[in-house]
Amino acid sequence: MSYRVGLTGGIGSGKSTVAAIFSELGVPVIDTDLISHQLTQTNSAALPAIRSAFGAAYFDAHNALNRTKLRELIFSQPAAKQQLEQILHPLIFAQAKILAETATSPYVLLVIPLLFETEPYRPWLQRTLAVDCAEETQIARVKQRSGLDEATIHAIMAQQIAREQRLQLADDVIQNNGQIDSLRQRVAELNQLYRQLAARSN
């Protein structure tokens, strides 16, 4: 079984950029956001439970999930957010485990935005990596990328673990200040480290 490294970071920190650089180095990347998206596509595994929990009002005439409407609900109602997580998180974790355990590479990188906020991952992972940047940088990046207003971005950040706590919990940290060359150098260093740790664990 491949060694398992979990990658996390706040919204706009640059997780996708870092994961892409690892991927360029031949590391299999398992993205839990992508798994979540697949699980909520039309006729997919999670939809019957979501329909049962939230009702037909959150689906269109073609049985497709109205993601925008559901997102608005879970940001305004913590109980609804918790209910959705109880449906999705076990399914996401089960799929991530299958992908990780069937990989043949020395190690796999699992992108888990809520790694430290979500129960099952930490005992299962062997190493954790946080991507970090200043909060002003996070906000500017998300505004540019998603067009969200600052209040919405702050609401998303408030639902994530505090930056200081994330840095304390992570085994390794990548500072992403926007300098791609230094980012590539740090990823190359960590790639070597993780290959060494994987070899020792086997």
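**Exercise 1. How many bridges join strand E2 (residues 29-31) to E3, and do the two run parallel or antiparallel?** Then place E3 among its neighbours and work out how enclosed it is.

*Solution.* Keep in mind that this is a predicted model.

Step 1: start with E2. Three bridges join E2 to E3, and the two strands run parallel. For a landmark on this pairing, look at Val29, which stands opposite Leu109 in E3.

Step 2: now take E1 (residues 3-9). Five bridges link E1 with E3, again in a parallel arrangement. Here Leu7 sits opposite Val111 of E3.

Step 3: check burial along E3 (residues 107-111). Five of the five residues are buried, so the strand is largely enclosed by the rest of the structure.

Step 4: sort those residues by face. In a regular strand the side chains alternate between the two faces of the sheet. In E3, one side has Tyr107, Leu109 and Val111, while the other has Val108 and Leu110. Both faces are covered.

**Exercise 2. Which residues of H3 (residues 47-54) are buried, and which exposed residues are carried by the face turned away from them?**

*Solution.* Step 1: pick out the buried residues, which are Leu47, Ile50 and Phe54. They cover an arc of only 60 degrees around the axis, which puts them on the same side of H3.

Step 2: compare that with the helix rule. An α-helix has 3.6 residues a turn, so residues three or four places apart point the same way.

Step 3: turn to the face pointing away from the buried side, where Pro48 and Ser52 are exposed.

Step 4: ask what does the covering. H2, H4 and H5 are among the elements over the buried residues of H3.

Step 5: step just past the helix, and you meet Gly55 with a positive phi of about 95 degrees.

**Exercise 3. Give H8 the same treatment: which of its residues are buried, and what covers them?**

*Solution.* Step 1: the buried residues of H8 are Ile153, Ile156 and Met157. Looking down the axis, they fall within an arc of 100 degrees, so they line one face of the helix.

Step 2: flip to the other side of H8, and you find Ala151 and Ala158 exposed.

Step 3: the cover over the buried residues of H8 includes H4 and H7.

**Exercise 4. Is Ser13 buried or exposed, and is Arg200 buried or exposed?**

*Solution.* Step 1: find Ser13 in the loop between E1 and H1. Its relative accessibility is 1%, so it counts as buried.

Step 2: see what it touches. Setting aside neighbours within four places in sequence, Ser13 is in contact with Val131, Cys133, Gln138, Arg141 and Asn176.

Step 3: move to Arg200, in helix H10. At 63% relative accessibility, Arg200 counts as exposed.

Step 4: look across to Tyr3, 197 residues from Arg200 along the chain. The C-alpha atoms of the two are separated by 9.9 Å.

**Exercise 5. What is the volume of the largest pocket, and which helix supplies the largest share of its lining?**

*Solution.* Step 1: the volume comes out at about 1,500 Å³.

Step 2: count the lining, which has 46 residues, with Asp33, Ser36, Arg71, Phe75 and Pro113 nearest the centre of the pocket.

Step 3: look for the biggest contributor. That is H5, with six residues. Other helices supplying at least two residues each include H1, H2 and H10.

Step 4: sort the lining by character, and you get 18 nonpolar, 19 polar and nine charged residues.

Conventions. Residues are numbered from 1 along each chain as its sequence is written. This is a predicted model: local features need pLDDT of at least 70, side-chain atom pairs count only at pLDDT 80 or more; totals for chains, interfaces and linings use all residues. Side-chain values use heavy atoms; hydrogens and water are left out. On a 1 Å grid over the protein atoms alone, a cavity is a set of points where a 1.4 Å probe fits but cannot get out, and a pocket is an open set with protein on both sides within 12 Å along at least five of seven lines; lining residues have an atom within 4 Å of a point. Grid points are joined across faces, edges and corners, and a volume is the space filled by probe spheres set on the points. Helices (H or I, at least four residues) and strands (E, at least two) are DSSP runs, numbered from the N terminus. Ala, Val, Leu, Ile, Met, Phe, Trp, Tyr, Cys and Pro count as nonpolar, Asp, Glu, Lys and Arg as charged, and the others, Gly among them, as polar. Buried means under 20% relative accessible area, exposed over 50%, partly exposed in between (1.4 Å probe, protein chains only). The arc is that of the directions from the helix axis to the C-beta atoms. Contact means heavy atoms within 4.5 Å. Two strands pair if DSSP finds at least two bridges between them.
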